[in-house]
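Open the model in your viewer, and keep the selection tool at hand, since each stop on this tour begins with something to select.

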Amino acid sequence: MLLPGLLSLLCLWLALVPQARAQQPVQPHDTVYFTTGRKSIQIPFKLVHNLIVMPIKINNSNSLNFILDTGVRSTLITRLYYSDSLELNHTKRTQIRGLGSGYTIEAIISSGNSLNLPGIIGENQEIYVLMEDIFNLSTRMGMPIHGIIGYDIFKNFVVKVNYSSKILTLYRPDLRLKKKRKAEEYPLHIENEKAYVYANVRQHNGDTLQVKLVVDTGASHTLSLYLPSNDKLELPPKTMEAYLGRGLSGDINGKIGRLPGFSMGRYELQDLPASYPDEASIKAALNIANRNGNLGSDILKRFTVIFDYPHKRLLLLPNSKYKVPFHFNMSGFEVSTPLPGVNFYEVSNVVPNSPATAAGVQNGDELVSINGRSCFDLNLNEVLEVMESKPGRKLRLKLRRNGEVIDLVLVLQSRI
């Protein structure tokens, strides 16, 4: 599912070699392996919009950029470019549906494919190819994004995500990593190939409720709560209407408001924005595993996270981001990159009655500079960090509109 701005997925790239079977026993239907007898492999990743982006090869293709997500089961190709060369095996047309209020979409399903990364191989992989690029991930992420990849890596390995160093470490599934002194361990419930945890939310009325959340590294927000799933869940007193993102079946709309507290074990985060999707957008999810919402990467990135599916546990160790305040889109507009991979930014989705509208910012404006710094010298993460830095900060924007350069001053403001 694609939420506040982005999407989510994680999977592994694997092809099988005969000797790997002898070195690493697995279940009969598993198809993901290390190519050597090593106990672990480290893989660097990029972190954009709180999402993990990794290079993957399919059937000996060039490297393709995939978002790594615990929230999906199958590998999904969302966009291929003219320069991409990819051959898929055993294809047929199908229709798929996910969260969102829209429609089913056409796709191609392909079986018998191989995926690989250095040190990891897999075979007989099933891949879905969307016939329409409904997510537009590349323009949101500032780089070419080819797809989303899901469940195989987590079920076949113990996975450590170090958000600070941007290193993913995969361990053999028979290894049980020792818990560090400051880490907290939680039961991880695996149901229908999705991982769930129990947490507590503290609401504005003083109530503390236990909620069951699907762990979703592919959601860039903090957390999402489904009001219809528990009649004790309430909207915060101050909310704003929001476009929450895009699911496979259409747009996801709802509200965003401040939640006083969120806790797992001894760790509590305070004053964080929470998303409350409209019932129509999440209708398909309400009866799945009695879930109350999902836990996203704006919380997960504040920890080093160990996903231990083989032993059904989750470990969290706070990092330097743990106490950083939560901010949410204080500019009143989003940034898109019509030329993924180039530092060229346009204004999109200007919110009515926001700092952006007060300053005169319009959809389609090109961002030329921010506080004197040329946007050609800023990557997407740097642009977003400025836009979400702190309430009251003045941004001197230089914009290009219809060939004319315009100077504006925008004051960041928290609207929730």
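Begin by selecting valine 161 together with valine 305, which lies in S22 and stands opposite valine 161. Keep in mind throughout that what you are viewing is a predicted model.

Now widen the selection to residues 158–162, strand S11, and residues 303–308, strand S22, where you will find two strands that run antiparallel and are joined by five bridges.

Next, add the neighbours of this pair, following the order S2-S12-S11-S22-S23-S13, and you will have an open sheet of six strands with antiparallel pairing. At its edges stand strand S2 (40–44) and strand S13 (184–187), and because each has a single partner strand, one side of each is left without a neighbour in the sheet. As you step from one strand to the next, the twist averages 15°.

Leave the sheet and select histidine 221, which you will find in the loop between strand S16 (208–215) and strand S17 (223–225). Is histidine 221 buried or exposed? With a relative accessible area of 6%, histidine 221 counts as buried, because the cut-off for that word is under 20%. Add asparagine 294 to the selection, and you can see its side chain making a polar contact with the side chain of histidine 221, at 3.1 Å.

Finally, select the whole protein chain, which holds seven helices and 29 strands. Of its 416 residues, 56% count as buried. If you switch on the surface, you are looking at about 18,100 Å² exposed by the protein chain, with carbon and sulfur atoms supplying 47% of it.

Key. Residues numbered from 1 in each chain as written. Predicted model: local features only at pLDDT ≥ 70, side-chain atom pairs only at ≥ 80, totals over all residues. Heavy atoms only, no water. Helix = DSSP H or I, 4+ residues; strand = E, 2+ residues; numbered from the N terminus. Buried < 20%, exposed > 50% of the residue type's maximum accessible area, 1.4 Å probe, protein only. Polar contact = N/O pair within 3.5 Å; in protein donor to acceptor, adjacent residues only side chain to side chain. Areas by Shrake-Rupley, 256 points an atom, 1.4 Å probe, with all protein chains shown as cover. Pairing = 2+ DSSP bridges. Axes fitted to C-alpha atoms, helices over the stretch in contact; angles between N-to-C directions.
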